[in-house]
Amino acid sequence: MSKSNSLKGIIFVLFSFLILGCTSSYESVTQVDDTKAFVLLTGNFEDASLQINTNSPITLSDNIETFTLDGNKVAKFEVTAGTNTIKVYKNGKLVVNRKLYVTNGNSIEVNVK
């Protein structure tokens with residue numbers, strides 16, 4: 001009798017492990033690309049030009065890719081992580097001159113008036 005109860009106990013434990021193994025769940029992990037830094041231009045930047053550090057100025061016209069964020073038109077530009085100088089010119093006049101420190105995975109908003 002004791003041997004039968006031991007066998008039943010072992011079978012019960014093995015069956016329990018089998019059931020527990022079948023009920024495990026799968027979890028998906030999505031990793032965000034945090035190796036890039038960005039400057040987001042908002043405001044009235046049409047027909048302006050953007051200069052990042054000492055690079056050649058970029059003309060901000062209708063062919064610049066934009067998106068809408070919180071009801072505002074935004075243009076996104078990749079910059080190197082670290083200190084960046086952002087200059088925006090409108091009609092030949094300097095309207096934005098900011099020195100920004102941007103880390104990987106972050107975006108800094110610059111409003112053009």
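This report describes a predicted model of one protein chain, from its overall fold to individual residues.

## Overall architecture

The chain has 113 residues, of which 25% count as buried. Its secondary structure comes to one helix and eight strands, and, read from the N terminus, the elements follow the order α-β-β-β-β-β-β-β-β. Among contacts between residues at least 6 apart in sequence, 56% join residues at least 24 apart. The surface that the chain exposes is about 8500 Å², with carbon and sulfur atoms supplying 53% of it.

## Confidence of the prediction

The pLDDT averages 84 over the chain, and 85% of the residues score at least 70. Among the elements, helix H1 has the lowest mean pLDDT, at 75, whereas strand E6, residues 82-90, has the highest, at 95. Descriptions of the helix are therefore best read together with that value, since pLDDT is the predictor's confidence in each residue.

## The helix and its nonpolar patch

Helix H1 covers residues 2-22 and includes Leu-14. Leu-14 belongs to a nonpolar surface patch of about 550 Å², which is made together with Ile-10, Phe-12, Val-13 and Phe-17. With a relative accessible area of 54%, Leu-14 is exposed, because the cut-off for that class is over 50%.

In soluble globular proteins, nonpolar side chains tend to be buried together. Against that background, the patch that contains Leu-14 is a nonpolar feature of the surface.

## The nonpolar core

The largest nonpolar core has 19 residues, and those that touch the most other members are Leu-41, Leu-50, Leu-60, Phe-77 and Val-88. At least two residues of this core come from each of the strands E1 (37-43), E2 (48-52), E5 (72-79), E6, E7 (93-102) and E8 (107-112).

Two of these core residues, Leu-50 and Leu-60, can be followed in detail. Leu-60 lies in strand E3 and is buried, with a relative accessible area of 1%. Leu-60 and Leu-50 are 10 residues apart along the chain, and their C-alpha atoms are separated by 7.0 Å. Leaving aside neighbours within four places in sequence, Leu-60 is in contact with Leu-41, Phe-45, Glu-46, Asp-47, Ala-48, Ser-49, Leu-50 and Phe-77. On the same basis of counting, Leu-50 touches Leu-41, Ser-56, Pro-57, Ile-58, Leu-60, Phe-77, Ile-86, Lys-87 and Val-88.

## Ser-49 in strand E2

Ser-49 lies in strand E2 and, at 17% relative accessibility, counts as buried, because that class takes in values under 20%. Not counting residues up to four places away in sequence, Ser-49 touches Pro-57, Ile-58, Thr-59, Leu-60, Lys-87, Val-88 and Tyr-89.

## A single salt bridge

The structure holds one salt bridge, which is formed by Glu-46 and Lys-73, with their closest N and O atoms 3.1 Å apart. The pair links distant parts of the chain, since Glu-46 is in the loop between E1 and E2 while Lys-73 is in strand E5, 27 residues apart. Both partners are partly exposed, Glu-46 with a relative accessible area of 28% and Lys-73 with one of 35%.

## Residues in the loops

Two residues that are not glycines have a positive phi of about 55 degrees, namely Asn-53 and Asp-70. Asn-53 lies in the loop between E2 and strand E3, residues 58-60, and at 29% relative accessibility it counts as partly exposed. Asp-70 has its place in the loop between strand E4, residues 66-69, and E5, and at 73% relative accessibility Asp-70 counts as exposed.

Gly-105 lies in the loop between E7 and E8 and is partly exposed, with a relative accessible area of 44%. Gly-105 and Phe-38 are 67 residues apart in sequence, while their C-alpha atoms are 8.0 Å apart in space. The contacts of Gly-105, not counting residues up to four places away in sequence, are with Asp-34 and Lys-36.

Conventions. Residues are numbered from 1 along each chain as its sequence is written. This is a predicted model: local features need pLDDT of at least 70, side-chain atom pairs count only at pLDDT 80 or more; totals for chains, interfaces and linings use all residues. Side-chain values use heavy atoms; hydrogens and water are left out. Patches are made of residues with over 30% relative accessible area and no salt bridge: like charges are joined within 9 Å, nonpolar side chains (Val, Leu, Ile, Met, Phe, Trp, Tyr) within 5 Å. Accessible areas come from the Shrake-Rupley method with a 1.4 Å probe; for residues, only the protein chains shown count as cover. A salt bridge is a side-chain nitrogen of Lys or Arg within 4 Å of a carboxyl oxygen of Asp or Glu. Helices (H or I, at least four residues) and strands (E, at least two) are DSSP runs, numbered from the N terminus. Buried means under 20% relative accessible area, exposed over 50%, partly exposed in between (1.4 Å probe, protein chains only). pLDDT is the predictor's confidence in each residue, from 0 to 100. A nonpolar core is a set of buried Ala, Val, Leu, Ile, Met, Phe, Trp, Tyr and Cys residues joined through side-chain atoms within 4.5 Å. Contact means heavy atoms within 4.5 Å.
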